[in-house]
Amino acid sequence: MKLLKDKIILEGVVVNSEILKVSSFLNHQLDVKLLDAIGDEFSKLFCKKNVTRILTIESSGIALACAVARKMNNVPVVFAKKNKSGNVPEDVYTTSIYSFTHNKSYDIIVSKNFLHKDDNVLIIDDFLAKGSALNGLIDIIKQSGANFVGAGIAIEKGFQDGGKKLREQGFQIESLVIIEKMDCCGNIFFKN
Ligand code: G4P
């Protein structure tokens, strides 16, 4: 997606060869016009899937998921919460995620009230790296008995293997931008 790629080139900050900072438009300040365009793009890519719910994970996925939902008949957006207390509440689906970026595990929870077995669920998220978050969300969908129709990702880091492994399993994973490489001079090389 040219608009997103241009924005990354203009405002993205390469922290190191693994981490790209996009705080000025996706992770802290939000560019709502860009979000709107991303919503258009994903709604086209998944228009034939009869999506009934969008699932994401707090916090940065929420704004993106809402932008997509608006273009898909205002389907409900559900976000997995990071469980900060040691207790797991009743009536939730839960799974553990290991973040390579933050080097720690955390549990996510989704209320059983908001995912049903007759749902067609689209996952939306900002980044795809090693796929831990995405695999966790897919596990939650499996627990609910709902149908996972695919995932829309704004920025995939193609040099990490999350996207490759998920596509090998036959899932439809659509990334608007795939970064092939980042170097220590701040250059970003795109795959698509
Ligand atoms: P993975 O799920 O694909 O394996 O990635 P990982 O666990 O390493 O990512 C954990 C968090 O870091 C996620 O957000 C993810 O969106 C974010 N992330 C991964 N790589 C990058 C990157 O290169 N740049 C930026 N800006 N974020 C990255 P989170 O910690 O859950 O935070 P948030 O959603 O509250 O922002």
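This passage describes the surroundings of the ligand in a predicted model, followed by selected side-chain contacts and backbone features of the protein.

The ligand is surrounded by 22 residues, and the closest of them are Leu20, Ser60, Lys82, Thr101 and Lys157. When the residues of this shell are sorted by the character of their side chains, they divide into 8 nonpolar, 8 polar and 6 charged. Polar side-chain atoms approach the ligand at several points, among them one of Asn27, which lies 2.9 Å from a nitrogen atom of the ligand. An oxygen atom of the ligand is found 2.8 Å from an N or O atom in the side chain of Ser59, and a polar side-chain atom of Asp126 lies 3.2 Å from an oxygen atom of the ligand. Of the 710 Å² of accessible area that the ligand has on its own, the protein covers 87%.

The space that the ligand takes up is the largest pocket. Two or more residues of the shell around the ligand are given by each of strand S5 (92–99), strand S7 (120–128) and helix H5 (132–144). Strand S7 gives the most to this shell, with 3 residues.

Contacts between side chains were also examined, and a search of the whole structure finds 9 salt bridges. In a salt bridge between Glu11 and Lys7, the distance from N to O is 3.0 Å. Because Glu11 and Lys7 are 4 residues apart in helix H1 (residues 2–11), about one helical turn separates them. The side chain of Lys7 is also joined to that of Asp31 by a polar contact of 3.0 Å. Asp31 itself is located in the loop between helix H2 (23–27) and helix H3 (32–45), and the side chain of Asp31 further reaches the backbone nitrogen of Lys33 at a distance of 3.1 Å.

Two features of the backbone remain to be described. Most peptide bonds are trans, and most residues other than glycine have a negative phi. In this model, however, the peptide bond that leads from Glu58 to Ser59 is cis, with omega near 0°. Ser59 has its place in the loop between strand S3 (53–57) and helix H4 (60–71), and the side chain of Ser59 is the one that has an N or O atom 2.8 Å from an oxygen atom of the ligand. Asn73, although it is not a glycine, has a positive phi of about 60°, and Asn73 is situated in the loop between helix H4 and strand S4 (77–82).

Conventions. Residues numbered from 1 in each chain as written. Predicted model: local features only at pLDDT ≥ 70, side-chain atom pairs only at ≥ 80, totals over all residues. Heavy atoms only, no water. Near = heavy atom within 4 Å. Polar contact = N/O pair within 3.5 Å; in protein donor to acceptor, adjacent residues only side chain to side chain. Areas by Shrake-Rupley, 256 points an atom, 1.4 Å probe, with all protein chains shown as cover. 1 Å grid on protein atoms, 1.4 Å probe; cavity = no way out; pocket = protein on both sides within 12 Å on 5 of 7 lines; lining within 4 Å. Sits in = over half its atoms within 2 Å of the grid points. Nonpolar A, V, L, I, M, F, W, Y, C, P; charged D, E, K, R; others polar. Salt bridge = Lys/Arg side-chain N within 4 Å of Asp/Glu carboxyl O.
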